[in-house]
Amino acid sequence: MTIVEVQSGKVIPIEILLLENDDYKSISESRYYFDWKKEKKQEVYKLVINGQTDILGLISIERIPSEWRIHIRLLTVSKENSGKGKIFENIVGNLMTHVAKLAVMEFAEMACISLKSKSAIEQHYIKKYNMSITGMTLSLEVPEILNLIKQYDHD
Amino acid sequence: MTKKKKIIIDNLEYGVDSRYATAKEKDHDSIALMKARLEKMNNLSAEQILQAKLMQLKLKMESYLKEPVYDNQNHFAEFLKTYIDSIYSKRSEFAKDINVTPVFLSKVINSHREPKEEFILKLMIHSEKAFKKVGKFHNTTWYQVYYQEKICDTISNQSKWRPKIEKHVKLSHFK
């Protein structure tokens, strides 16, 4: 999986790893927008450039096997990677793809990832990631979930 | 467009707080979502289901290669079984397609005999075709799984082979 340096267009390999307890020391609300310490009991992943330790993005999930679904609880990029002047592109896409891969690995054709819909982000996630909306939930299933994996997974 | 609105659009991907406030809210959304999903699932084509199953297999094989499992299971045979059963309704059809006897295939699947190199080469070519629509499937994957398993077996079964082999190994240059 890779991200792109906006200014140079350089493609950089990344890895997505389980967040470790020690990582919480370096995750401040000012750089990662939310109080991630509240997610300590959850399954949280970090996105880092291969061989580096600086965290560029975070995602917290809840597996719901009875519904063949993984719900994204919290998702963020580091402050310098959001907005117009962001350094790297595709952090969110890669984090979502990682969760999509976990869902397909576990549930195959029944796999689904979901997000709670909010009017501000709704259209963006529908347009960019091809998510569907049902009531208050944005979701991605087969076949769209497979397309997301094909788009972002270059391993 | 106001400056404030533009900043919001530029910042759409800073993050999402998608946590449910209450269990009631979660249940309510789950029911509605499941209803819509079941309808969508019922309309999936056989081709889409096959692609999902093959993607699942590809991801599981990649995961096994990334984090090998040291157990007594035959992962190569298990992956092979899943591969064949995802595509064919009868294993004998696969045997015919790669020009091996059903008996030989059955022995490989049930770990009663080792796959020959030619068998893995045929499997490699067959997979190239099968995974074409699914995504990049490295043609070394079956080989890697096969040898990864050999390594894991050797390491996890040291107590069985080491005492016998060790007797025949010395390093006479060192005291």
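The paragraphs below lead from one helix of chain A to the nonpolar cores, then to the pockets and a cavity, and finally to some unusual backbone positions.

This is a predicted model, in which local features need pLDDT of at least 70 and side-chain atom pairs count only at pLDDT 80 or more, while totals for chains, interfaces and linings use all residues. Residues are numbered from 1 along each chain as its sequence is written, chains are lettered from A in the order in which they are written, and side-chain values use heavy atoms, with hydrogens and water left out.

A starting point is helix α3 of chain A, which spans residues 119-129; helices here are DSSP runs of H or I with at least four residues, strands are runs of E with at least two, and both are numbered from the N terminus. The buried residues of this helix are Ile121(A), His124(A), Tyr125(A) and Tyr129(A), where buried means under 20% relative accessible area, exposed means over 50%, and partly exposed covers what is in between, with a 1.4 Å probe and protein chains only. Seen down the axis of α3(A), these buried residues fall within an arc of 100 degrees, so they line one face of the helix; the arc is that of the directions from the helix axis to the C-beta atoms. The face turned away from this buried side carries the exposed residues Ser119(A), Gln123(A) and Lys127(A). The cover over the buried residues of α3(A) includes β5 (69-77), α2 (91-107), β7 (112-116), β9 (137-141) and α4 (144-152) of chain A, together with β1 (15-17) of chain B, and contact is taken as heavy atoms within 4.5 Å. Just after α3(A), Asn130(A) takes a positive phi of about 65 degrees.

Tyr125(A) leads on to the largest nonpolar core, which has 76 residues and in which Tyr125(A), Ile145(A), Phe119(B) and Trp142(B) have the most contacts. A nonpolar core is a set of buried Ala, Val, Leu, Ile, Met, Phe, Trp, Tyr and Cys residues joined through side-chain atoms within 4.5 Å. The largest share of this core, ten residues, comes from α2(A). A second, separate core has eleven residues, including Leu19(A), Tyr24(A), Val44(A) and Leu58(A). In soluble globular proteins, nonpolar side chains tend to be buried together. In chain B, Phe119(B) touches Leu80(B), Ile98(B), Val100(B), Phe104(B), Leu105(B) and Val108(B), when residues up to four places away in sequence are not counted.

The open spaces come next. On a 1 Å grid over the protein atoms alone, a pocket is an open set of points with protein on both sides within 12 Å along at least five of seven lines, a cavity is a set of points where a 1.4 Å probe fits but cannot get out, and lining residues have an atom within 4 Å of a point. The largest pocket has a volume of about 820 Å³, a volume being the space filled by probe spheres set on the points, which are joined across faces, edges and corners. Its lining has 24 residues, of which His98(A), Lys101(A), Ser63(B), Lys66(B) and Glu67(B) lie nearest the centre. At least two residues of this lining are supplied by each of β2 (11-18) and α2 of chain A and α3 (46-66) and α8 (141-156) of chain B. The second largest pocket holds about 230 Å³ of space, and α8(B) gives the most to its lining, with four residues. Among its 16 lining residues, Asn74(B), Glu114(B), Glu149(B), Lys150(B) and Asp153(B) lie nearest the centre.

The structure also holds two cavities of 30 Å³ or more, and the second largest of the cavities has about 40 Å³ of space. Glu109(A), Met110(A), Ala111(A), Glu141(A), Val142(A), Arg37(B), Lys40(B), Met41(B) and Leu44(B) line this cavity.

Val142(A) also opens the last topic, since the peptide bond from Val142(A) to Pro143(A) is cis, with omega near 10 degrees; Pro143(A) is found in the loop between β9 and α4 of chain A. Most residues other than glycine have a negative phi, and most peptide bonds are trans. Tyr33(A), in the loop between α1 (29-32) and β3 (43-49) of chain A, has a positive phi of about 65 degrees although it is not a glycine, and at 23% relative accessibility it counts as partly exposed. Ser111(B) has a positive phi near 60 degrees and lies in the loop between α6 (102-109) and α7 (117-130) of chain B.
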